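Trainee: I would like to learn how to read a model like this one. Can we go through it feature by feature?

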Amino acid sequence: MRILFMGTPEFAVPSLEKLREKHEIVGIFTKVDKPNTRGKKIKYTPVKEYGLNNDIPVYQPNSLKTEETFNLIKELNPDLIVVVAYGKIIPNNIIEFPKFGIINVHSSLLPKFRGAAPINAAIIAGEKESGVTIMDIAEELDAGDIILKGITPIYEEDTFLTLHDRLKVIGSEKLIEAVDQIENGTAKREKQDHQLATFVKPYKKTDCMIDWNKTKEEIFNFVRGMNPFPTAYTLHNDKVLKVYSVEKLDKVYENGEIGEIVDSIKGKGFVIKVKDGSVILMEIKPENKKIISGKDSMNGSLFKIGEILK
């Protein structure tokens, strides 16, 4: 089958690799290159890197709504378009063009967590399972008919990164299964229950600040759902302190206020009082410094008992 692939981040690469093993990839659409964090060297998207390394034509249109882009797609003449975390809305004329339509690999169990950050959101919400959904693309965001799902538990030790890496593999496997079904005419579709839909917007910096007034479970889920990106943080002496992991404690401290450093545990780190107990700062990154363990923060006297984190 002739397939046009649309994708951008590392999450999309395993799907592209799997497709290339069985089908003809007529081209790749990926987002425009951006400078790296220092604003100097241009950084290619992971999907572009893969395409260039495997002699697949790579295109980076600024817009999918131009006649030029549509003419290019007509010239490539794909039987199917596959979208995996591309980052652009697909206009209707492109949706209707391929013989077998357009399908998408979405990293949640739809209709839950439609939108831009479903992996983070599932962990933060305390979900017990997550997965991927292979679906038809529709004009409404993540609202197309479901073809297949792949499910995985969310483990207590999972972070955004570990769940992300598991889902990108599951997504690639379910994608191949779905493409095979589409090609041989056995694919079945299921309508989404739109009344059950939830939406996740991209996280802004202000969304990443820890609210110490929440429960220890909520804070634990929030921190690991933000690890390593976009990263939970708090303020210590009016400076940003990134928090990569915490440990839950059942102990309720009578002394101190919510958000206050009320204790330290040898070999672990400092203890913060929260709504229904306490948490230990296990892995942190002070502003303009490297990531350190909670134990190292004790050795370096980074905090003092009685200090407030905001």
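Mentor: This is a predicted model. Take helix α7, residues 216–225, to begin with.

Trainee: How many of the 10 residues of helix α7 are buried?

Mentor: A residue counts as buried when its relative accessible area is under 20%. By that cut-off eight of the 10 residues of α7 are buried, so the helix is largely enclosed by the rest of the structure. The buried ones are Lys 216, Ile 219, Phe 220, Asn 221, Phe 222, Val 223, Arg 224 and Gly 225.

Trainee: What covers the buried residues of α7?

Mentor: The cover includes two helices, α5 (118–124) and α6 (160–184). It also includes the strands β12 (232–236), β13 (239–249), β15 (269–274) and β16 (277–286).

Trainee: Asn 221 is a polar residue in that list. Is Asn 221 buried or exposed, and which residues does Asn 221 touch?

Mentor: Asn 221, which lies in helix α7, has a relative accessibility of 5% and therefore counts as buried. Leaving aside residues up to four places away in sequence, Asn 221 touches Ile 123, Ile 124 and Gly 126.

Trainee: Now α2. Which residues of α2 are buried?

Mentor: They are Val 47, Lys 48, Tyr 50 and Gly 51. These residues cover an arc of only 160° around the axis, which puts them on the same side of α2.

Trainee: Why do residues three or four places apart point the same way in an α-helix?

Mentor: An α-helix has 3.6 residues a turn, so residues at that spacing point the same way. As for what lies over the buried residues of α2, the cover includes β1 (2–7), α1 (13–22), β2 (24–29) and β5 (58–59).

Trainee: Leu 52 is not among the buried residues of α2. How is Leu 52 classed?

Mentor: Leu 52 is found in helix α2, and its relative accessible area is 43%. Partly exposed is the class between the buried limit of 20% and the exposed limit of 50%, so Leu 52 is partly exposed. Together with Ile 42 and Tyr 44, Leu 52 makes a nonpolar surface patch of about 270 Å².

Trainee: What should I look at on either side of α2?

Mentor: Ahead of the helix, look at Thr 45, in the loop between β4 (42–43) and α2 (46–53). With a relative accessible area of 9%, Thr 45 is buried. Its side chain makes a polar contact of 2.9 Å with the side chain of Thr 30. Not counting residues up to four places away in sequence, Thr 45 touches Thr 8, Thr 30, Lys 31 and Asp 33. After the helix comes Asp 55, with a positive phi near 55°.

Trainee: Which other residues have a positive phi without being glycine?

Mentor: Two to look at are Phe 113, with phi of about 60°, and Asn 237, with phi near 55°. Read such a backbone value together with the place of the residue and its exposure. Phe 113 is found in the loop between β7 (102–106) and β8 (114–115), and at a relative accessible area of 12% Phe 113 is buried. Asn 237 has its place in the loop between β12 and β13, and with a relative accessible area of 55% Asn 237 is exposed.

Trainee: Where do I find cis peptide bonds?

Mentor: Look at omega. One cis bond joins Asn 227 and Pro 228, and another joins Phe 229 and Pro 230. Omega is about 5° for the bond before Pro 228, and also about 5° for the bond before Pro 230. Pro 228 is found in the loop between α7 and β12, and Pro 230 has its place in that loop too.

Trainee: How do I read the chain as a whole?

Mentor: Start with the inventory: eight helices and 17 strands. The C-alpha trace spans about 70 × 45 × 30 Å along its principal axes. Of the 310 residues in the chain, 49% are buried. The accessible surface comes to about 15700 Å², and carbon and sulfur atoms account for 49% of that surface.

Trainee: What share of the contacts comes from residues 24 or more positions apart?

Mentor: Among contacts with a separation of 6 or more, the share is 62%.

Technical notes. Residues are numbered from 1 along each chain as its sequence is written. This is a predicted model: local features need pLDDT of at least 70, side-chain atom pairs count only at pLDDT 80 or more; totals for chains, interfaces and linings use all residues. Side-chain values use heavy atoms; hydrogens and water are left out. Helices (H or I, at least four residues) and strands (E, at least two) are DSSP runs, numbered from the N terminus. Buried means under 20% relative accessible area, exposed over 50%, partly exposed in between (1.4 Å probe, protein chains only). A polar contact is a pair of N or O atoms within 3.5 Å; within protein, one must be able to donate a hydrogen and the other to accept it, and residues adjacent in sequence count only if both atoms are side-chain atoms. Contact means heavy atoms within 4.5 Å. Patches are made of residues with over 30% relative accessible area and no salt bridge: like charges are joined within 9 Å, nonpolar side chains (Val, Leu, Ile, Met, Phe, Trp, Tyr) within 5 Å. Accessible areas come from the Shrake-Rupley method with a 1.4 Å probe; for residues, only the protein chains shown count as cover. A salt bridge is a side-chain nitrogen of Lys or Arg within 4 Å of a carboxyl oxygen of Asp or Glu. The arc is that of the directions from the helix axis to the C-beta atoms.
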